[in-house]
Amino acid sequence: MKGTSPDFDKDSYNKPPVAPPNARRGPWSPEEDRRLMSIIAIQGPTNWVRISASLGTRSPKQCRERYHQNLKPSLNRNPITAEEGALIEQLVAKHGKKWAEIARHLTGRSDNAIKN
């Protein structure tokens, strides 16, 4: 194949990533949440591969999603107000069910919080 390195493996190029052997599935334990927040307090919420390696029980994607959807301190955990509900309905009419786009218009709300 022209322009590829000699060690390019076209068969594995499109395979989905494999979860680390120690990655758990299912609900997060309170201890995992505490450890994740402790690691993020030290390293910051940016390098999810390093954070996952430090945690040792979850994949980078699981760590990132858990933080941004559930643990981030700036999240508004109060029930959605009538005004927010009306705005969500307007935004769904405009953007469709693009929850991440809609969440950008509501300060402190994750796309999962809006969707559910």
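A helix, as the word is used here, is a DSSP run of H or I with at least four residues, and helices are numbered from the N terminus. The exercises below concern a predicted model.

**Exercise 1. Place R66 in the fold, and state which residues it touches beyond its neighbours in sequence.**

Step 1. With the helices numbered in this way, R66 falls in helix 4, and the protein as a whole has seven helices and zero strands, which gives the pattern α-α-α-α-α-α-α along the sequence.

Step 2. Once neighbours within four places in sequence are set aside, the residues in contact with R66 are W28, D33, L36 and L71.

Step 3. For D33 the contact can be described further, since the side chains of R66 and D33 are joined by a polar contact of 2.7 Å.

**Exercise 2. Determine whether R58 is buried or exposed, and identify the polar partners of its side chain.**

Step 1. R58 is located in the loop that runs between helix 3 and helix 4.

Step 2. The cut-off for a buried residue is under 20% relative accessible area; R58 has 2% relative accessibility and therefore counts as buried.

Step 3. A polar atom of the R58 side chain lies 2.9 Å from the backbone oxygen of P27, and a polar contact of 3.0 Å links the side chains of R58 and E32.

Step 4. Leaving out residues up to four places away in sequence, the residues that R58 touches include A23, R24, R25, G26 and W28, as well as S52 and C63.

**Exercise 3. Describe how Q62 is placed with respect to R24 and S59.**

Step 1. Q62 is a residue of helix 4, and although Q62 and R24 are 38 residues apart along the chain, their C-alpha atoms are separated by 9.3 Å.

Step 2. Beyond residues up to four places away in sequence, Q62 touches A23, R24, R25 and W28.

Step 3. The side chain of Q62 also reaches the backbone nitrogen of S59, at 2.7 Å.

**Exercise 4. List the residues of the largest nonpolar core, and trace which helices supply them.**

Step 1. This core consists of 10 residues, namely W28, L36, I39, I40, W48, I51, L55, C63, Y67 and L71.

Step 2. At least two residues of this core come from each of helix 2 (30-43), helix 3 (48-55) and helix 4.

Step 3. Another core, of seven residues, lies apart from this one, and W99, I102, L106 and I114 are among its members.

Step 4. Returning to W48 of the largest core, one finds that, with residues up to four places away in sequence not counted, W48 touches I40, P60, C63, R64, Y67 and H68.

Step 5. As a wider setting for these cores, buried residues make up 26% of the 116 residues in the protein, and of the contacts between residues at least 6 apart in sequence, 44% join residues at least 24 apart.

**Exercise 5. Characterise the largest pocket by its volume, its lining and the classes of its lining residues.**

Step 1. The largest pocket holds about 190 Å³ of space.

Step 2. Its lining is made up of H68, Q69, K72, S74, L75, A100, A103, R104, G108, R109, S110 and D111.

Step 3. Helix 4 (60-71) and helix 6 (99-103) each contribute at least two residues to the lining of the largest pocket.

Step 4. Sorted by class, the lining has three nonpolar, five polar and four charged residues.

Terms used
Residues are numbered from 1 along each chain as its sequence is written. This is a predicted model: local features need pLDDT of at least 70, side-chain atom pairs count only at pLDDT 80 or more; totals for chains, interfaces and linings use all residues. Side-chain values use heavy atoms; hydrogens and water are left out. On a 1 Å grid over the protein atoms alone, a cavity is a set of points where a 1.4 Å probe fits but cannot get out, and a pocket is an open set with protein on both sides within 12 Å along at least five of seven lines; lining residues have an atom within 4 Å of a point. Grid points are joined across faces, edges and corners, and a volume is the space filled by probe spheres set on the points. Ala, Val, Leu, Ile, Met, Phe, Trp, Tyr, Cys and Pro count as nonpolar, Asp, Glu, Lys and Arg as charged, and the others, Gly among them, as polar. A nonpolar core is a set of buried Ala, Val, Leu, Ile, Met, Phe, Trp, Tyr and Cys residues joined through side-chain atoms within 4.5 Å. Buried means under 20% relative accessible area, exposed over 50%, partly exposed in between (1.4 Å probe, protein chains only). Contact means heavy atoms within 4.5 Å. A polar contact is a pair of N or O atoms within 3.5 Å; within protein, one must be able to donate a hydrogen and the other to accept it, and residues adjacent in sequence count only if both atoms are side-chain atoms.
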